[in-house]
Amino acid sequence: MEFYDRFVDVYDNLVSFNNRVKREANFYDSLFKKCNVKTVLDCACGTGHHIMMFKQLGYDVKGSDLSPAMITKARTNLKERNLDAPLKISDFKELNKNFDERFDAVICVGNSLPHLLSDEDLTLALTEMNAVLNENGILILEQRNYDKLLKDKKRFFPVSFRENEVFFYVLDFLPSEIIFNIINVNTSDQTFQTYTTTYNALKMDKLKELLYNSGFQIIDLYADYEFNKFNIETSDRPIIFCNKSKK
Ligand SMILES: C[S@@+](CC[C@H](N)C(=O)[O-])C[C@H]1O[C@@H](n2cnc3c(N)ncnc32)[C@H](O)[C@@H]1O
């Protein structure tokens, strides 16, 4: 997708992956051990940091992403750390066509699923995630809490401050979508770049219905990587832990 083909150059500066991995590794490892997960597909792998984390934890992991530029960057990131994992360009609406094997876990994190703007596309993507899972497979989704965003209608978010570089978001609220304008200021040469993408303002009740219709049941909803329970009023980013509904 065009947005990420351009945004890829700054994505790893925006997201502090070292902190993220420190925060998230134990969560995934204990959940995966509990569910007997050995094989993992990260179906919106971006620049590959979860792939590297899972490799280092000893999982058999593959990655896919719609953006060729993100996949190229993920390959470079893995190579720089002497790691290797199969990565391919794939829309998560076409996983079943692009993968022959079945996985014990699929993850779709970093607010990736709400890039799809229609119920049809969301159902198709979730159905494809279901199709590439083993019978006892699990799905982990992580995204923004759109119920809270829509209630608060807060428009300005500072995201990260680094030496010479600041990122902040300005949000535009449409009836069922939110436009994220990402502003990246280079404070040393006093220039800035803007990046704009639109997300489906996907509320939790709608997501639950779509998951159910795509063959999933929700096992737990977490507020963070410490296994605290999700609170729709206060949590920023739900982590949705599902498995396949039993037929
Ligand atoms: C915000 S990034 C998150 C990347 C990574 N999961 C993370 O947590 O850092 C969203 C990713 O979703 C990918 N994406 C968007 N739509 C997609 C689709 N239809 N199929 C597969 N990947 C998609 C983008 O290319 C991008 O890499």
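In this predicted model, the centres of domain 1 and domain 2 lie 23 Å apart, taken over C-alpha atoms. Domain 1 is made of two stretches, 2–145 and 203–244, while domain 2 covers 148–200. Where the domains meet, 17 residues of domain 1 are in contact with 13 residues of domain 2. The side of domain 1 that touches domain 2 holds eight nonpolar, five polar and four charged residues.

**Overall form**

The protein has eight helices and 11 strands. Its C-alpha trace spans about 55 × 45 × 35 Å along the principal axes. The radius of gyration is 18 Å, and this agrees with a compact globule, because a globule of 247 residues would have a value near 18 Å. Of the 247 residues, 33% are buried. Among contacts between residues at least 6 apart in sequence, 64% join residues at least 24 apart.

**Core and ligand**

The largest nonpolar core has 53 residues. Within this core, A105, V106, C108, M129 and L139 touch the most other members. For C108, leaving out residues up to four places away in sequence, the residues touched are C43, A44, F92, L113, M129 and L141. M129 is thus named both among those core members and among the residues that C108 touches.

A44 also appears at the ligand. The ligand is surrounded by 18 residues, and the closest are A44, G46, S67, G110 and S112. By class, the shell around the ligand has nine nonpolar, six polar and three charged residues.

**Strands β6 and β8**

S160 is in strand β6, which runs over residues 156–162. Is S160 buried, exposed or partly exposed? S160 has 13 C-beta neighbours inside 10 Å, so the residue counts as partly exposed; the partly exposed class lies between the limit of 12 or fewer for exposed and 20 or more for buried. Not counting residues up to four places away in sequence, S160 touches L14, S16 and F167. L14 and S16 fall within the 2–145 stretch of domain 1, and S160 falls within domain 2. The C-alpha atoms of S160 and N19 are separated by 13 Å, although these residues are 141 places apart along the chain.

I179 is in strand β8. This residue is partly exposed, because 13 other C-beta atoms lie within 10 Å. Apart from neighbours within four places in sequence, I179 is in contact with L171, D172, L174, T196 and T198. T197 is 18 residues from I179 along the chain, and the C-alpha atoms of the pair are separated by 5.8 Å.

**Loop residues with positive phi**

Most residues other than glycine have a negative phi. K153 has a positive phi, near 50°, and is not a glycine. K153 is found in the loop between α7 (146–152) and β6. With 9 C-beta neighbours inside 10 Å, K153 counts as exposed.

F227 is another non-glycine residue with a positive phi, of about 70°. The loop that holds F227 lies between β10 (216–222) and β11 (239–244). F227 counts as partly exposed, because 14 C-beta neighbours lie inside 10 Å.

**Loops on either side of β8**

P175 is in the loop between β7 (165–173) and β8. Only 5 other C-beta atoms lie within 10 Å of P175, so the residue is exposed. D189 lies in the loop between β8 (177–186) and β9 (191–200). D189 is exposed as well, with 8 other C-beta atoms within 10 Å.

Where do these residues stand relative to other parts of the chain? The table gives C-alpha separations for P175 and D189, together with the pairs already described for S160 and I179.

| Pair | Separation in sequence | C-alpha distance |
|---|---|---|
| P175 and N200 | 25 residues | 9.9 Å |
| D189 and E120 | 69 residues | 45 Å |
| S160 and N19 | 141 residues | 13 Å |
| I179 and T197 | 18 residues | 5.8 Å |

D189 and E120 are 45 Å apart, whereas P175 and N200 are 9.9 Å apart.

Definitions and conventions
Residues numbered from 1 in each chain as written. Predicted model: local features only at pLDDT ≥ 70, side-chain atom pairs only at ≥ 80, totals over all residues. Core = buried A, V, L, I, M, F, W, Y, C linked by C-beta atoms within 7 Å. Contact = placed C-beta atoms within 7 Å. Near = placed C-beta within 6 Å. Nonpolar A, V, L, I, M, F, W, Y, C, P; charged D, E, K, R; others polar. Domains from an automatic or database assignment. Helix = DSSP H or I, 4+ residues; strand = E, 2+ residues; numbered from the N terminus. Rg over C-alpha atoms; globule rule 2.2 N^0.38 Å.
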